[in-house]
Amino acid sequence: MPEHAHHDTYDHLIALLDSSHVEHRLIDHEPEGGTEAVCALRGHPASEAAKCIVLRVKVDRRTTRHVLAVVPGDRRVDLDAVRALFGARYVGFSDPETAERLAHAVPGTVLPFSFDPDLEVVADPDVVAQPKLYFNAARLDRSLLISGADYERLAKPRIERIAARA
């Protein structure tokens with residue numbers, strides 16, 4: 001994916017926040033995409049981070065869906081819960097190229113938002129319940145802080161219990 005496409009995703013996000021009058025804070029930091037490491041740089045517990053993973057969901061032999069799973073940073077995605085949610089035969093992590101294409105971001109910078117109609121967002125209830133929700137803003141060197149309630153209002157994710165203990 002061209003570098004400018006990632007900047008377009010960042011610009012799209014900021015425009016959405018500004019046009020929706022959502023209170024947010026940008027946080028500049030050293031380039032980092034790993035959840036634990038970036039939480040340390042930003043100075044907050046991992047439970048306040050949104051970990052975003054693109055999944056491949058094979059519903060049946062002919063139907064494959066892509067899901068953006070959003071869970072607290074100190075948890076992991078429960079693949080069995082996602083499989084049950086979609087009545088799927090198989091759920092696994094998307095290959096990096098597909099994830100990058102659908103998320104319009106490189107690994108480590110995937111937003112908890114989808115700007116692609118082929119990528120459905122499913123967020124764990126513990127994500128939207130966070131008073132402070134941190135995530136990389138489609139860039140390795142800049143993060144965003146918004147409330148979980150504002151995130152839910154803007155992203156309109158499907159809210160389902162999909163997180164498991166790490």
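## Helix α4 and the residue after it

Helix α4 is followed by H104, whose phi is positive, near 55°. Helices (H or I, at least four residues) and strands (E, at least two) are DSSP runs, numbered from the N terminus. The structure is a predicted model, in which local features need pLDDT of at least 70, side-chain atom pairs count only at pLDDT 80 or more, and totals for chains, interfaces and linings use all residues. Residues are numbered from 1 along each chain as its sequence is written, and side-chain values use heavy atoms, with hydrogens and water left out.

Within α4, the buried residues include T98, A99, E100, L102 and A103. Buried means under 20% relative accessible area, exposed means over 50%, and partly exposed lies in between (1.4 Å probe, protein chains only). One of these residues, L102, can be set beside R56: the two are 46 residues apart in sequence and 11 Å apart in space, C-alpha to C-alpha. R56 has its place in strand β2 and is partly exposed, with a relative accessible area of 30%.

## Positive phi angles

Most residues other than glycine have a negative phi. Against that background, H104 has a positive phi of about 55° although it is not a glycine. H104 is found in the loop between α4 (96-103) and β6 (119-123), and with a relative accessible area of 24% it is partly exposed.

A138 is not a glycine either, yet its phi is positive, about 60°. This residue belongs to the loop between β7 (133-136) and β8 (142-146). Is A138 buried or exposed? At 4% relative accessibility, A138 counts as buried. A positive phi is also found at K156, which follows α6 and has a value near 50°.

## Helix α6 and its buried side

Helix α6 covers residues 148-155, and in it G148, D150, Y151, L154 and A155 are buried. Why do these residues lie on the same side of α6? They cover an arc of only 160° around the axis, which puts them on the same side of the helix. The arc is that of the directions from the helix axis to the C-beta atoms.

Y151 can also be related to helix α5. V127 lies in α5 (residues 125-128) and is buried, with a relative accessible area of 1%. V127 and Y151 are 24 residues apart in sequence, and their C-alpha atoms are 8.9 Å apart in space. P125 is found in α5 as well, but P125 is partly exposed, with a relative accessible area of 23%. The C-alpha atoms of P125 and V71 are separated by 8.4 Å, although their positions lie 54 residues apart along the chain as a sequence separation.

## Aromatic rings and charges over them

A search of the whole structure finds three aromatic pairs. Rings of Phe, Tyr and Trp (its six-membered ring) pair if their centres lie within 6.5 Å; planes under 30 degrees apart count as stacked, over 60 as edge-to-face and the rest as tilted. One of the pairs is formed by F113 and Y151, which are edge-to-face at 5.4 Å centre to centre, with 90° between the planes. This pair links distant parts of the chain, 38 residues apart: F113 is in the loop between α4 and β6, and Y151 is in helix α6. Both F113 and Y151 are buried. Together with F115 and F135, they form one aromatic cluster.

Two arginines are placed over rings. R139 lies over the face of Y10, at 4.9 Å from the ring centre, and the charged end of R158 sits over the ring of F86, 5.2 Å from its centre. A charge sits over a ring if NZ of Lys or CZ of Arg is within 6 Å of the ring centre and within 35 degrees of the ring normal.

## The largest pocket

How much space lies in the largest pocket? It holds about 330 Å³, where a volume is the space filled by probe spheres set on grid points joined across faces, edges and corners. On a 1 Å grid over the protein atoms alone, a pocket is an open set of points where a 1.4 Å probe fits, with protein on both sides within 12 Å along at least five of seven lines; lining residues have an atom within 4 Å of a point.

The lining consists of 21 residues, of which C52, I53, P107, G108 and V110 lie nearest the centre of the pocket. Helix α2 (35-42), strand β2 (50-58), helix α4 and strand β7 each supply at least two residues, and β2 gives the most, with five. The lining divides into twelve nonpolar, seven polar and two charged residues. Ala, Val, Leu, Ile, Met, Phe, Trp, Tyr, Cys and Pro count as nonpolar, Asp, Glu, Lys and Arg as charged, and the others, Gly among them, as polar.
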